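The following exercises concern the structure displayed below. Each task is followed by a solution worked out in steps.

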Amino acid sequence: MSSWSAPTYVFNAYENGKQFTDEFKANALESVVDGKRFEEDGEVYHAVMGELNPEIVTADGTPVAQLTNFVVRGADGKDNFDIAFKDAVEEAVLEMEERGAKTTVFTYDLLSKITDVDENGKETVVTEKDENGNDVYKATDITVKKLVNDYDLTCPILRQLFDINSAPSSAHIFGTDSDGYDVLARMMYGGRISLIVGFVVVILETLLGTLLGGIAGYFGGWVDNLIMRLVDIFYCIPSLPILIIMGAFMDSLKMDPYERLLWMMAILGFLGWAGVARLVRGQILSLREQEFMVATEATGVRVRKRIFRHLVPNVMPQLIVTATAGLGSVIITESTLSFLGLGVKHPLATWGTMINSITQRNEDMIKYTYIWIPVGLLICLTVIAFNFVGDGLRDAFDPKMKK
């Protein structure tokens with residue numbers, strides 16, 4: 001639900017949404033130290049000591065703001081809580097620290113939320129109202145759990161409302177995740193994106209490799225030397241560190257998940273064409289001196305047609321086998337990057353991000369095995385299936401490989 005840390009004084013306004021100027025904050029801090037009054041917008045203020053923290057009050061004693069080094073934020077990072085709730089959190093944390101405990105529970109009246117279904121069957125979460133139209137508050141147990149430098153607050157009423165991290169049931173065969181999404185639906189959607197990444201990257205690798213490998217193999221000489229040295233350079237590039245650096249760079253830019261997905265596919269395709277180019281070049285070197293190529297040269301067929309109409313089609317069986325076998329490795333790479341938090345980002349789902357979502361703490365891996373084990377099995381089965389397809393195509397196109 002929320003977490004807090006302890007920076008220097010933070011201004012909590014008693015009036016929700018009220019903002020204070022930097023000059024007001026500076027004068028307020030001076031008033032905390034020396035007790036002097038200060039004026040802003042025709043109103044006189046001064047600091048007094050409240051029950052837990054210093055407060056800024058008006059001349060008639062009306063509290064305006066509370067100064068505290070406890071910061072309470074919602075799961076969305078926003079400050080949406082009133083001061084009474086923040087005081088309750090602070091008291092609970094201080095009491096827990098005094099006992100040397102790592103967890104505690106306190107009760108607080110929270111705004112009740114219910115699920116409303118409209119005439120079209122669409123579900124929305126709304127505030128519960130009583131018969132007089134007033135908001136309904138319910139006493140709720142809130143669990144405070146100590147992390148490393150922060151404290152995590154969880155609220156069971158939210159867990160029930162959104163069905164978060166529920167175990168497998170008839171309604172949700174593989175349970176739900178931390179966002180309340182059905183894991184089975186998420187697995188199917190994530191598989192679609194993982195397969196799209198695999199196919200797009202393999203197509204990019206094949207196009208680039210076929211183009212450069214075909215030119216190198218046909219022309220030979222300095223053209224061949226230049227392209228092959230470029231291939232050697234790409235073979236020497238450490239792909240994983242480059243991908244990790246690019247992932248961190250995209251994190252710093254806070255890039256849109258869809259744009260990030262496109263860039264990731266482009267980078268993977270650009271880094272993986274060298275193997276295809278070497279394969280195409282080797283095949284074309286053995287084909288260009290054969291009789292049908294001598295005939296195309298004698299009849300004046302253009303160079304472009306000789307390469308892409310006569311040579312490349314003869315390399316297609318090997319290209320299909322290589323592309324099929326490469327699909328599995330691309331899916332593994334994408335899943336690894338997403339697992340490390342450097343690939344596809346939420347809300348987009350891939351198999352890697354689904355496993356990453358429950359690796360925050362060791363107990364999560366044990367508690368939520370029903371989420372990551374099926375996803376891991378899907379990754380393994382998909383990669384094995386593509387490898388079998390690649391082996392089958394190789395045997396079909398090359399009878400010498402049959403056993």
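A salt bridge is a side-chain nitrogen of Lys or Arg within 4 Å of a carboxyl oxygen of Asp or Glu. The model is predicted, and a search of the whole structure under this criterion finds 6 salt bridges.

**Exercise 1. Salt bridge of Glu-97**

Task: Determine which parts of the chain are tied together by the salt bridge between Glu-97 and Lys-146, and classify the accessibility of Glu-97 and of Lys-146.

Solution.

Step 1. The N to O distance between the side chains of Glu-97 and Lys-146 is 3.8 Å, and the criterion asks for a nitrogen within 4 Å of a carboxyl oxygen.

Step 2. Glu-97 belongs to helix 2 (residues 83–99) and Lys-146 to strand 11, so the pair ties together parts that are 49 residues apart in sequence.

Step 3. Buried means under 20% relative accessible area and exposed means over 50%, with partly exposed in between. Glu-97 has a relative accessibility of 37% and is therefore partly exposed. Lys-146 is likewise partly exposed, because its relative accessible area is 36%.

**Exercise 2. Contacts of helix 5 with helix 8**

Task: Describe the salt bridge of Arg-281 with Asp-224 and that of Asp-232 with Arg-278, and state which residues are joined into one network by shared partners.

Solution.

Step 1. In the salt bridge between Arg-281 and Asp-224, the closest N and O atoms are 2.7 Å apart. This pair links distant parts of the chain, with Arg-281 in helix 8 (residues 274–287) and Asp-224 in helix 5 (residues 221–236), 57 residues apart.

Step 2. Arg-281 counts as partly exposed because its relative accessibility is 23%. Asp-224, by contrast, is buried, because its relative accessibility is 9%.

Step 3. The side chains of Asp-232 and Arg-278 meet in a salt bridge with an N to O distance of 2.9 Å. Asp-232 lies in helix 5 and Arg-278 in helix 8, so this pair ties together parts that are 46 residues apart in sequence.

Step 4. Asp-232 is partly exposed because its relative accessibility is 26%, and Arg-278 is partly exposed because its value is 38%. Arg-229, Asp-232 and Arg-278 are joined into one network by salt bridges that share partners.

**Exercise 3. The faces of strand 8**

Task: Assign the side chains of strand 8 to its faces, and identify the residue of strand 11 that stands opposite Phe-106.

Solution.

Step 1. In a regular strand the side chains alternate between the two faces of the sheet.

Step 2. Strand 8 (residues 103–111) shows this alternation: Thr-104, Phe-106, Tyr-108 and Leu-110 point to one face and are buried, whereas Thr-103, Val-105, Thr-107, Asp-109 and Leu-111 point to the other face and are not buried.

Step 3. Strand 8 and strand 11 (residues 137–146) run antiparallel and are joined by 9 bridges. Opposite Phe-106 stands Ile-142 of strand 11.

**Exercise 4. Surface patches**

Task: Name the residues of the positive patch, of the negative patch and of the nonpolar patch, and place one residue of each in its element.

Solution.

Step 1. Arg-302, Arg-304, Lys-305 and Arg-309 form a positive surface patch. Arg-309 is located in helix 10 (residues 303–339) and counts as exposed because its relative accessibility is 54%.

Step 2. The negative patch comprises Glu-39, Asp-41, Glu-43 and Asp-60. Glu-39 is part of strand 3 (residues 38–40), and its relative accessibility of 53% is why it counts as exposed.

Step 3. Leu-240, Ile-244, Phe-339 and Leu-340 make up a nonpolar surface patch, with about 330 Å² of accessible area together. Phe-339 lies in helix 10 and is partly exposed because its relative accessibility is 36%.

**Exercise 5. Sequence separation and spatial distance**

Task: Give the C-alpha separation of Glu-205 and Ala-274 and that of Phe-270 and Phe-234, with the accessibility of Glu-205 and of Phe-270.

Solution.

Step 1. Glu-205 and Ala-274 are 69 residues apart along the chain, and their C-alpha atoms are separated by 8.0 Å. Glu-205 lies in helix 4 (residues 183–219) and is buried because its relative accessible area is 14%.

Step 2. For Phe-270 and Phe-234, 36 residues apart along the chain, the C-alpha separation is 9.3 Å. Phe-270 is in helix 7 (residues 257–271) and counts as partly exposed because its relative accessibility is 46%.

Conventions. Residues numbered from 1 in each chain as written. Predicted model: local features only at pLDDT ≥ 70, side-chain atom pairs only at ≥ 80, totals over all residues. Heavy atoms only, no water. Patch = residues over 30% accessible without salt bridge, like charges linked within 9 Å, V, L, I, M, F, W, Y side chains within 5 Å. Areas by Shrake-Rupley, 256 points an atom, 1.4 Å probe, with all protein chains shown as cover. Lys, Arg positive; Asp, Glu negative; His and termini not counted. Charge placed at Lys NZ, Arg CZ, Asp CG, Glu CD. Helix = DSSP H or I, 4+ residues; strand = E, 2+ residues; numbered from the N terminus. Buried < 20%, exposed > 50% of the residue type's maximum accessible area, 1.4 Å probe, protein only. Pairing = 2+ DSSP bridges.
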